[in-house]
Amino acid sequence: SIDVEMCAMSCARVRAAHNVHVRAAVVDRRRARAPHRGFPRVRAVADAANGLGDIVSVDSAAKAGLIVLGVRVAALGLGKAKQGSDVERGTAMAVERGIDCSDLYWAEDAESRWYLIGPWSAPKRGDAKYGAGRMSQEINGRVRYHDAKIKADEGGVKYADIDALSALYPTTPKKFVELRRRLREAGIDCE
């Protein structure tokens, strides 16, 4: 019975060794076909490079960083320029329609104060109260609301309560949205 157990154990060992050998052969065959696929090539390149330092140098990383910084600065500058042109175009449209936008600019010089933070100067008469983005939104909102009021007059839609209820409609965009809703209910397209 000891010989039978030993024989069974050795047979199991032989089978296990055979299975390991067969699996290794299958893996070897797969590796032999691997150059046709993308992932093993990446691994081979990474192995050949012996680390990230051989692939990316400090000089190339600095160049890439400067390029990204340059693109971001250029995009920011172009965005600011577009906002400025939007304010000018909106102001021209408001003047053409006779819309008063004088409340968006300082009426008189503000008193000069000293602040600890940053290069700050007191606003002068005629300076914008807000930045270019907010100014553009305010002016364009007023132009859209003015155009919607003209369509409401033509269509017979009442909107006097919108102007009177400043608590419900404190900003021009909210007034425009409410007037647009009323115009759509009346079947008038407004945009």
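**Contacts, cores and salt bridges in an all-helical model**

In the predicted model, Thr172 touches Glu138, Gly141, Arg142 and Tyr145, when residues up to four places away in sequence are not counted. Thr172 is found in helix 7. Its relative accessibility is 14%, so Thr172 counts as buried, because the term applies to values under 20%. One of the residues it touches, Tyr145, is also a member of the largest nonpolar core.

The protein as a whole has seven helices and zero strands. Read from the N terminus on, its elements therefore give the order α-α-α-α-α-α-α. Of the 191 residues in the protein, 18% are buried. The accessible surface comes to about 14800 Å², and carbon and sulfur atoms account for 59% of that surface. Among contacts between residues at least 6 apart in sequence, 55% join residues that are at least 24 apart.

The largest nonpolar core has 11 residues in all. Its members are Tyr145, Ala148, Ala152, Val157, Tyr159, Ile162, Tyr169, Phe176, Leu179, Leu183 and Cys190. Helix 5, which spans 132–155, and helix 7, which spans 172–185, each supply at least two residues of this core. Within the core, Ala148 is in contact with Phe176, Leu179, Leu183 and Cys190, leaving aside its neighbours within four places in sequence. Apart from this core lies another, made of eight residues. Ala94, Cys101, Leu104 and Ile139 are among them.

The structure holds nine salt bridges. One of them joins the side chains of Glu138 and Arg134, with an N to O distance of 3.7 Å. Glu138 and Arg134 are four residues apart in helix 5, so about one helical turn separates them. The two partners do not fall into one class of exposure: Glu138 is buried, with a relative accessible area of 15%, whereas Arg134 is partly exposed at 40% relative accessibility. Glu138 is also one of the residues touched by Thr172.

Further salt bridges are found in helix 7. Glu178 forms one with Arg181, and the closest N and O atoms of this pair are 2.5 Å apart. Because Glu178 and Arg181 are three residues apart in helix 7, they are separated by about one helical turn. Glu178 has a relative accessibility of 11% and so counts as buried. Arg181, at 39% relative accessibility, counts as partly exposed, since that value lies between the limits of 20% and 50%.

Arg181 also meets the side chain of Glu185 in a salt bridge, at 2.5 Å from N to O. Here the two residues are four apart in helix 7, and about one helical turn again lies between them. Glu185 counts as exposed, because its relative accessibility is 61% and the term is used for values over 50%. Arg181 thus takes part in salt bridges with both Glu178 and Glu185. Salt bridges that share partners join Asp161, Glu178, Arg181, Arg182 and Glu185 into one network.

Technical notes: Residues numbered from 1 in each chain as written. Predicted model: local features only at pLDDT ≥ 70, side-chain atom pairs only at ≥ 80, totals over all residues. Heavy atoms only, no water. Core = buried A, V, L, I, M, F, W, Y, C linked by side-chain atoms within 4.5 Å. Buried < 20%, exposed > 50% of the residue type's maximum accessible area, 1.4 Å probe, protein only. Contact = heavy atoms within 4.5 Å. Areas by Shrake-Rupley, 256 points an atom, 1.4 Å probe, with all protein chains shown as cover. Salt bridge = Lys/Arg side-chain N within 4 Å of Asp/Glu carboxyl O.
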